Amino acid sequence: MQSRTGSLTAAIAVILVCLLTGCAPDPAPEDMRESLMEVVEDPTPPKAAETYDARLHPDPIADPVECAPYLVVTARGTGESSEEHMLSPLTRVVSDARPGEVLTLDLDYPADSDMNEGGTRGVRLLIDTLGVQAEACAEQRFVLIGYSQGAMVVGDALAAPATRLVGATTGELAPGVADRILAVVLYGNPRFTSSETYSFGTFDAGVDGLLPRQAGSLAGFADRLRDYCVAWDFVCQRSLDLDGGAHGTYYDNGMLLDGAAFVIVRLPLLDSAPSAADRAEPRDPG
């Protein structure tokens, strides 16, 4: 099995490849800020609030996937491709560190400028994905990683509905499901709160994101959560300066590497790698 020290060497190599191939997004700051602020400034409930209402439509909108020991779910940022995005190098590092043990799934939500609509679907889909996996795969554990809009989606899915900005009607994670989450890593989070113990980076103390989260609303995950923010990132450091460059610097400032290391050390070492038969199909939850 590859050592955890070796995994960090692999991390550096993967991130260097990303630098050479241009993995960083190129956000449009004015459009992004406008889209984020619409989440709180437009009082009209999105159509998705009814479409994905867990009480009106209780059947999961997700199907179970493979029962690998660890499922890493990513939620990409606005406008990013599901094929290659800011978080892709991080997930490859984690997979390489634990070969044959990690399945990566990018959340199939719009990640577009209508964050009320798309974010609501994202929250419901993440809750349902973890729910069906917990039912189908008794031993599977989860890692959640989000960037920008995706960080908001992940955080709101973990929070109580009353504290959410998107997805208030989409239900909640069952306590047993929440207990299976080993690590949560967020970058460029619009709901960043600088005073939290899980806040990391070069951010200015006392400066929060464009849509700061109520303090303590993710306290149940504090010991397994890292929320990274860099100074001058207007998304997680509310600012009139709309230089979008800082929001795309996570891929080359060492924070992807740090996040990968945080995840890797939180994955319990398995006695032996699962067989192909063990990993091939999820158990039918019905």
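1. Which residue of strand 4 is the bridge partner of Val143? In this structure, which is a predicted model, the partner is Ala183. That pair belongs with a wider picture of strand 3 (141-147) and strand 4 (181-187), which run parallel and are joined by six bridges.

2. The sheet as a whole is open and consists of six strands in the order 2-1-3-4-6-5, with parallel pairing. Its edges are formed by strand 2 (102-106) and strand 5 (199-201), each of which pairs on one side only. From one strand to the next, the twist averages 20°.

3. Two helices deserve attention for the way they are placed against these strands. Helix 6 lies across strand 1, strand 3 and strand 4, and its direction is at about 135° to that of strand 3. Helix 8, which covers residues 255-266, also packs on the sheet, where it touches strand 3, strand 4, strand 5 and strand 6 (225-229). The direction of helix 8 makes about 175° with that of strand 4.

4. The largest nonpolar core holds 43 residues, and the members that touch the most others are Leu130, Leu144, Leu158 and Ile181. At least two residues each come from helix 2 (29-41), strand 1 (70-75), helix 5 (115-136), strand 3 (141-147), helix 6 (149-158), helix 7 (175-178) and strand 4 (181-187). Of the contributions to this core, that of helix 5 is the greatest, at eight residues.

5. For Leu130, once the neighbours within four places in sequence are left aside, the contacts are Val73, Phe142, Leu144, Leu173, Val177 and Ile181. Two of these partners, Leu144 and Ile181, are themselves listed with Leu130 among the core members that touch the most others. Apart from this core lies another, of 32 residues, which includes Tyr70, Tyr251, Met255 and Val263.

6. Thr91 is a residue to inspect separately, and it is found in helix 4, which spans residues 88-97. Is Thr91 buried or exposed? With a relative accessible area of 8%, Thr91 is buried, because the cut-off for that class is under 20%. Not counting residues up to four places away in sequence, Thr91 touches Val72, Thr74, Thr104 and Ile145. A further relation links Thr91 with Gly259: the two are 168 residues apart in sequence, while their C-alpha atoms are 9.9 Å apart in space.

Terms used: Residues are numbered from 1 along each chain as its sequence is written. This is a predicted model: local features need pLDDT of at least 70, side-chain atom pairs count only at pLDDT 80 or more; totals for chains, interfaces and linings use all residues. Side-chain values use heavy atoms; hydrogens and water are left out. A nonpolar core is a set of buried Ala, Val, Leu, Ile, Met, Phe, Trp, Tyr and Cys residues joined through side-chain atoms within 4.5 Å. Buried means under 20% relative accessible area, exposed over 50%, partly exposed in between (1.4 Å probe, protein chains only). Helices (H or I, at least four residues) and strands (E, at least two) are DSSP runs, numbered from the N terminus. Contact means heavy atoms within 4.5 Å. Two strands pair if DSSP finds at least two bridges between them. Axes are lines fitted to C-alpha atoms, for helices over the stretch in contact, and angles run from 0 to 180 degrees between N-to-C directions.
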